[in-house]
Amino acid sequence: MREYLIRRIVISILILWIIASLNFVIFQVVSPVSPVSGIINPKFTPEVKRKLLEIYGLLEPLHIRYLKYIRNMFTWQFGFSFNTMAPVAEEMSWRLPSTVLLLGSAMVATVIVGIPIGILAASRRGSKMDVFAIGSGLVTWGVPIFFIQLLFMLFFSYYSYIMWGFQIFPAGGMGTAPPPSNPLAYMADVAWHLAMPLLTLVIGSFGSWALYTRSLLLDALTQDYVVTARAKGLTERTVLYRHAFRSTLPPMVTMIALNIPGIISGAMITEWIFNLPGIGRWYLNSLMAADYPVVQAVLFIYAFLMIFANLVSDLMYGVLDPRIRVGARR
Amino acid sequence: MAFIFSKEKRIVYSRKISGFWEEFRRKKIGLFGLAILIFYIVLAVVAPWITPYDPIIKSRQAEDFAMPGWMTIFPQYRNYPASKEYLLYWNVEQGRDFITNWGETVVVEYKAQTMTTVDVELSTKFSYNEIPPNAFYFKFAWTASDLESTEYSLRVTLFTPEGENRTDWLMWRQPALKTTKGEHVYVESVNPFFRDMLGFEMQQNPAPIIFSQKGEYTLLLRMRFKPDTKTARCQIDLENTQLFVPGRVHGVLGCDDTGADLFSQLVHGTRISLVIGVLCAVVSASIGIIVGVITGYFGGLVDEAMMRLVDILLCLPFLPLLLTLVFLYGKNIFYIVIFIAIFGWQGLARMIRSQVLSLRETAFIECARAAGASRTYIIMKHLVPNVLPVAFASLVLSVPGAILFEAALSFLGFGDPRVPTWGKMLHHAYGFGAFTRLAWWWIIPPGLAITTLCLAFVFVGHSLDEVVNPRLRRRR
């Protein structure tokens with residue numbers, strides 16, 4: 001197990017390094033736009049330009065810049081934002097928690113809603129629940145989550161405000177302007193503000209889980225060992241949960257890892273729509289303002305989050321699937 | 001087709017296609033999806049003929065945030081008018097002698113006989129029978145030419161209907177002038193200069209006050225000539241006098257914040273979504289097939305390298321990276337297609353690879369190899385045709401992803417600014433106040449269009465998958 005763990009971690013760091021290098025190449029080597037275009041005004045005199053380039057270390061040869069860049073990325077020194085002139089790491093430190101909160105709770109809620117619906121659908125094939133699972137799966141395929149969010153916002157924030165004078169859910173933000181001093185009230189306030197983003201994220205994506213669980217479980221239910229279990233006289237419940245569902249867990253864990261890019265994209269658009277102070281919104285604003293240090297750092301963090309989740313899911317795969325030999329080549 | 005294939009081959013292909021159609025016909029949901037798809041394709045093809053307005057340029061078709069035209073069936077909106085253009089024809093009030101041409105162009109040829117000031121007055125009447133509007137636009141063109149030693153001035157006045165509170169509003173005036181001049185006059189009620197000229201307050205909107213009554217309004221155009229000598233003369237041409245009152249309802253889907261027709265934007269958006277979706281899917285499927293077949297057939301180092309590349313690509317945060325690339329390389333529809341395709345081939349490549357891995361070991365490939373067939377021959381003649389059906393189903397299934405991706409890109413403001421897309425409509429709706437004005441007709445239609453188009457592809461793709469995919473067929 002230890003060997004496997006170390007191997008996986010080394011591979012993850014390798015992938016992170018490749019992505020960081022890609023990041024460097026995109027912004028500093030092949031980019032048609034100068035990485036300092038956001039800060040260097042064309043009206044500057046050549047001396048000032050040169051001085052600025054020197055301050056930013058852009059006059060050094062490429063390989064030195066690359067080495068410095070890699071060292072800084074892996075030591076969490078992302079430089080200074082062009083816009084605010086504050087250290088990027090510092091700016092990120094208060095934005096990251098809200099993104100992680102949104103991402104994490106959306107993921108957990110989606111799985112918690114999706115998997116039971118899938119199980120119910122598979123166990124009662126052809127029932128109303130089955131139709132519902134398939135229907136919600138189609139919603140995931142065809143409906144942009146941001147459209148669901150816009151609809152919710154239109155009806156639960158704006159319509160309700162204009163018709164009845166109050167908002168069922170607030171249209172944006174992470175909390176009311178002076179945050180309540182009572183910690184319980186504060187938590188309730190944040191929950192109220194996060195309710196609509198979360199709800200829409202779950203509605204927009206639980207269907208794929210339901211559908212996936214359903215098809216995995218249907219596959220499993222036709223296997224010989226399920227027939228054996230039934231022949232042994234076990235209750236349907238035991239057969240379903242102990243035998244069939246258990247075997248679907250490993251592919252499900254892989255599915256979580258594969259879903260993370262989608263959830264990150266979804267959370268990014270969600271932060272944009274609902275004006276949440278997370279790194280997704282920060283990223284978009286920085287990109288539009290050509291604030292490259294921030295953009296690089298956020299891309300790196302996103303890659304880091306995804307690789308970390310992949311690593312965890314790989315390890316869980318090993319735990320959940322006893323057939324995988326420890327240390328064996330997959 | 002007939003020119004490419006021999007007769008035997010044509011028969012084989014037509015049998016294959018008809019057999020395939022026989023199977024596909026049984027899938028109700030697939031047929032339903034196909035029907036929606038055909039509807040959208042037809043819509044995309046006939047877009048320029050069924051949409052009355054250019055989707056991008058033509059604003060001010062009606063009021064800002066005008067409701068859809070059919071909203072008038074509801075009692076509270078019953079008296080909401082549609083846009084109306086009043087074509088105005090001048091009648092002479094005073095100075096008939098000087099008018100030499102009537103009709104579309106009115107020509108006034110002034111020739112001084114005495115040294116007195118002469119007024120030529122033209123008037124036109126129109127009846128306004130709607131509720132007070134929020135805006136109006138009045139326009140005409142005039143030119144003064146053939147000018148000799150005279151001073152002239154013009155003014156246009158609007159008289160409200162006869163009655164005790166009849167008022168007159170100065171719409172526009174040209175102060176006394178001694179040189180030739182010509183201009184297109186646009187009088188806009190929303191223009192602050194116009195508001196100030198009439199003496200309204202900052203917050204006041206002149207339009208509903210001016211047109212507060214129903215009835216016959218009169219426009220009066222007065223031309224005043226002040227000759228310096230007895231040979232003074234001047235010719236004034238008047239053209240295209242129009243009054244446009246934007247409606248509170250408009251067309252099938254109403255208007256956006258600039259008064260542009262939303263139905264036109266929606267229909268034109270169909271083209272972009274279809275083209276982007278299909279193009280992305282074709283490009284990414286081609287990459288996927290090539291990579292899948294090569295890695296599956298050759299195996300070894302190529303396989304290992306490619307699969308690691310797939311692993312890395314699966315670890316990339318697609319949307320942020322895509323946004324960055326689009327931002328750096330320009331918001332161009334071509335780049336968007338390429339970038340989306342680059343991120344979309346991994347799944348298909350893996351699937352094709354596994355298919356090829358099993359096909360490689362089958363007897364007929366071995367026979368071909370034994371018969372001395374080259375690698376290219378085996379790949380092109382045996383492997384590719386065998387994986388194509390599955391690849392095709394997966395291609396159709398990957399279209400919605402591309403459409404959604406492009407919509408997300410456009411929604412975030414990273415779409416091609418030159419083309420109308422559904423994502424961009426939503427972007428504008430979000431950014432330009434559709435929510436505070438509760439303009440659901442700006443938010444719901446584009447979203448529904450994306451949804452139905454994607455679902456159509458999903459329906460067709462799933463049905464295709466069931467027909468061509470042997471694994472799914474067995475389970476049934």
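Reading from the N terminus, the elements of chain A run α-α-α-α-α-α-α-α-α-α-α. That makes 11 helices and zero strands in chain A. The model is a predicted one.

**Chain A overall**

Along the principal axes, the C-alpha atoms of chain A fill a box of roughly 85 × 65 × 40 Å. Chain A has 330 residues, and buried residues make up 37% of them. Take the contacts in chain A between residues at least 6 apart in sequence: 70% of them join residues at least 24 apart.

**Helix 7 of chain A**

Helix 7 of chain A covers residues 183-221. A straight helix of 39 residues would span 57 Å at 1.5 Å a residue. Helix 7 of chain A spans only 48 Å between its end C-alpha atoms. Where does helix 7 of chain A bend? The bend is at Ala195(A) and amounts to about 40 degrees. A proline, Pro197(A), follows Ala195(A) within four residues.

Met196(A) is found in helix 7 of chain A as well. Is Met196(A) buried or exposed? Met196(A) counts as buried, because it has 23 C-beta neighbours inside 10 Å and the cut-off for a buried residue is 20 or more. Not counting residues up to four places away in sequence, Met196(A) touches Phe152(A), Phe156(A), Phe169(A) and Phe274(A). Met196(A) and Leu102(A) are 94 residues apart in sequence. In space, their C-alpha atoms are 11 Å apart.

**The loop between helix 3 and helix 4 of chain A**

Helix 3 of chain A covers 62-74, and helix 4 covers 88-123. Trp76(A) is found in the loop between these helices. Met85(A) has its place in the loop between helix 3 and helix 4 too. Most residues other than glycine have a negative phi. Phi of Trp76(A), however, is near 65 degrees, a positive value. Phi of Met85(A) is also positive, near 65 degrees. As for burial, Trp76(A) is partly exposed, because 13 other C-beta atoms lie within 10 Å. Met85(A) is exposed, because it has 8 other C-beta atoms within 10 Å.

**Where chain B touches chain A**

The contact takes 38 residues from chain A and 33 residues from chain B. On the side of chain B that touches chain A, five elements each supply at least two residues: helix 6 (300-314), helix 7 (318-329), helix 11 (375-411), helix 12 (422-431) and helix 13 (440-468) of chain B. Which helix of chain B gives the most to this side? Helix 7 of chain B does, with nine residues. The residues of this side of chain B divide into 29 nonpolar, four polar and no charged.

**Nonpolar cores**

The largest nonpolar core has 160 residues. Those with the most contacts inside the core are Val298(A), Leu322(B), Ile340(B) and Ala408(B). Helix 11 of chain B gives the most to this core, with 17 residues. Leaving aside neighbours within four places in sequence, Leu322(B) is in contact with Phe339(B), Ile340(B), Phe343(B) and Leu409(B). Apart from this core lies another, of 33 residues. Among its members are Phe98(B), Trp142(B), Tyr152(B) and Tyr217(B).

**Gly415(B)**

Gly415(B) is found in the loop between helix 11 and helix 12 of chain B. With 26 C-beta neighbours inside 10 Å, Gly415(B) counts as buried. Leaving aside neighbours within four places in sequence, Gly415(B) is in contact with Lys331(B), Leu409(B), Ser410(B), Thr421(B), Gly423(B) and Lys424(B). Gly415(B) and Asp228(B) are 187 residues apart along the chain, and their C-alpha atoms are separated by 62 Å.

**Strand 12 of chain B**

Strand 12 of chain B covers residues 233-245. The table lists strands of chain B that pair with it.

| Strand of chain B | Partner | Sense | Bridges |
|---|---|---|---|
| Strand 2 (residues 84-87) | Strand 12 of chain B | antiparallel | four bridges |
| Strand 5 (residues 105-111) | Strand 12 of chain B | antiparallel | seven bridges |
| Strand 7 (residues 137-148) | Strand 12 of chain B | antiparallel | nine bridges |

What is the bridge partner of Tyr86(B) in strand 12 of chain B? The partner is Leu243(B). Glu109(B) stands opposite Gln235(B) in strand 12 of chain B. For Glu148(B), the bridge partner in strand 12 of chain B is Arg233(B).

Note on methods: Residues numbered from 1 in each chain as written. Chains lettered and ligands numbered in written order. Predicted model: local features only at pLDDT ≥ 70, side-chain atom pairs only at ≥ 80, totals over all residues. Buried ≥ 20, exposed ≤ 12 C-beta atoms within 10 Å, placed from the backbone. Contact = placed C-beta atoms within 7 Å. Nonpolar A, V, L, I, M, F, W, Y, C, P; charged D, E, K, R; others polar. Core = buried A, V, L, I, M, F, W, Y, C linked by C-beta atoms within 7 Å. Expected span 1.5 Å × (residues − 1). Bend = angle between axes of the 7 residues up to and from the residue. Pairing = 2+ DSSP bridges.
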